[in-house]
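User: Hi! Could you walk me through this structure before I head back to the bench?
Analyst: Happy to, let's take a look together.

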Amino acid sequence: MEKQMLDFTLVPAGLLLLLGYHIWLLFRILKHPNKTVIGLNSLCRRYWVRAMMEDVSKNGVLSVQTMRNNIMAPSVLASACIMLCSAIAVLMSGKYGDRSVGIVFGDKTPLSISIKCLAILVCFLTSFFMNVQSIRYFSLASILINVPLKKIPPHHHAHNHLTVEYVGSIVNTGSYFWSLAQRAFFFSFPLFLWIFGPIPMFLSCIFLLLMLYLVDVSFQSGWPLGISGLDEIHPTAGDGGALMV
């Protein structure tokens, strides 16, 4: 019973740490985007889209190649997630689903093993879904970014809806889904270590939180690249470096 109590204390504590960190990060992105890597990269992506659409005939190949490279990463991660889901499903349905690891210090009942495998499976499925959505938005952006806005008549109905800001929001949305897919994939690491007990799971949550903090927080003051006049664009979410986060 004492070993089972570790699962009831350390596991919720680790999950609450990660949940609290992401709530704090979301507040930070919404209120102080220039102090997060996510907000700064969101701004840079919008300015990149604006630069690419200023001269479509000159920058068309570059923009399409960049979008293609951004599509490759979610495709690889989506394939990995669906293969891992298949492997976990086989373990849960086979004879190994009722076995526990000998070094586990915690709840070793068959029910707990099934719950752990199911939690990992949900993480991989969530990551797969987010990757698919990221591919969808990047594919759409690769078309919209090459639309010659200067050649569209001002009175045309499509000109009122297709703007540089709209295309920038599409690119950012694709990056946001990619970020969520990465975080769902990372979140599976503590759950995987939970198979070996609540103590490794809790320690991995602390390690993951520290790593995410170093990746998410910008330690440089001000806006990058000397950009001025930023009142037009207010990044709200995103992640990572370059165009993808």
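User: Thanks! What kind of model is this?
Analyst: It is a predicted model.

User: And how many helices and strands does the protein chain have?
Analyst: The protein chain has six helices and zero strands. Along the sequence the pattern reads α-α-α-α-α-α.

User: How much of the protein chain counts as buried?
Analyst: Of its 245 residues, 43% count as buried.

User: What about contacts between residues at least 6 apart in sequence, what share of them join residues at least 24 apart?
Analyst: In the protein chain, that share is 82%.

User: OK, on to the inside. Which residues touch the most other members in the largest nonpolar core?
Analyst: Those are Ile88, Ile120, Phe124, Leu191 and Met201, in a core of 26 residues. The elements that give two or more residues to this core are α1 (2–31), α3 (56–93), α4 (110–144), α5 (164–194) and α6 (198–216).

User: Which of them gives the largest share?
Analyst: That would be α4, with six residues.

User: You mentioned Phe124. What is it in contact with, leaving aside neighbours within four places in sequence?
Analyst: Phe124 is in contact with Cys81, Leu84, Cys85, Ile88, Phe185 and Ser188. Apart from the largest core there is also another one, of 20 residues, including Ala141, Leu144, Ile145 and Ile170.

User: I see cysteines in that contact list. How many disulfides does the structure hold?
Analyst: Zero.

User: Why no bond for Cys81?
Analyst: The closest cysteine sulfur to that of Cys81 is in Cys85, and at 6.5 Å it is too far away for a bond. A disulfide would need the two sulfur atoms within 2.5 Å.

User: Is Cys81 buried or exposed?
Analyst: Cys81 counts as buried because its relative accessibility is 0%. Cys117 counts as buried too, at 13% relative accessibility. The cut-off for buried is under 20%.

User: Let's switch to helix packing. How do α4 and α5 cross?
Analyst: Their axes come within 8 Å and cross at roughly 165°, so α4 and α5 are roughly antiparallel to each other. The crossing of α4 past α5 is left-handed.

User: And how do α5 and α6 cross?
Analyst: The axes of α5 and α6 come within 7 Å, with a crossing angle of roughly 155°. That makes α5 roughly antiparallel to α6. Their crossing is right-handed.

User: Which residues make that contact?
Analyst: On the α5 side they are Arg183, Phe186, Phe187, Pro190, Leu191, Leu193 and Trp194. On the α6 side they are Pro198, Pro200, Met201, Ser204, Cys205, Leu208, Leu212 and Asp216.

User: What about α2 and α5, at what angle do they pack?
Analyst: Helix α2, residues 37–54, packs against α5 at an angle of about 140°, and the axes are 9 Å apart. That makes α2 oblique to α5, since over 145 degrees would be needed for roughly antiparallel. The crossing of α2 and α5 is right-handed.

User: Which residues meet there?
Analyst: From α2 you have Ile38, Ser42, Arg45, Arg46, Val49, Arg50 and Met53. They meet a set in α5 that includes Val164, Glu165, Gly168, Ser175, Tyr176 and Arg183.

User: Let's zoom in on Glu165. Which residues does it contact, leaving aside neighbours within four places in sequence?
Analyst: Glu165 is in contact with Arg46 and Arg50. Glu165 is partly exposed, with a relative accessible area of 38%. Its C-alpha atom is separated by 9.3 Å from that of Tyr47, and the two residues are 118 apart along the chain.

User: And Ser175, buried or exposed?
Analyst: Ser175 is buried, with a relative accessible area of 0%. Ser175 lies in helix α5, and its C-alpha is 8.6 Å from that of Ser42, a residue 133 places away in sequence.

User: Last one: Arg183 came up in two contact lists. Where does it lie?
Analyst: Arg183 lies in helix α5. With a relative accessibility of 14%, Arg183 counts as buried. Arg183 and Cys123 are 60 residues apart in sequence, and their C-alpha atoms are 9.2 Å apart in space.

User: Great, thanks for the tour!
Analyst: Any time!

Conventions. Residues numbered from 1 in each chain as written. Predicted model: local features only at pLDDT ≥ 70, side-chain atom pairs only at ≥ 80, totals over all residues. Heavy atoms only, no water. Buried < 20%, exposed > 50% of the residue type's maximum accessible area, 1.4 Å probe, protein only. Core = buried A, V, L, I, M, F, W, Y, C linked by side-chain atoms within 4.5 Å. Helix = DSSP H or I, 4+ residues; strand = E, 2+ residues; numbered from the N terminus. Contact = heavy atoms within 4.5 Å. Axes fitted to C-alpha atoms, helices over the stretch in contact; angles between N-to-C directions. Parallel < 35°, antiparallel > 145°, perpendicular 65-115°, else oblique. Left-handed = near helix turned anticlockwise from the far one by under 90°.
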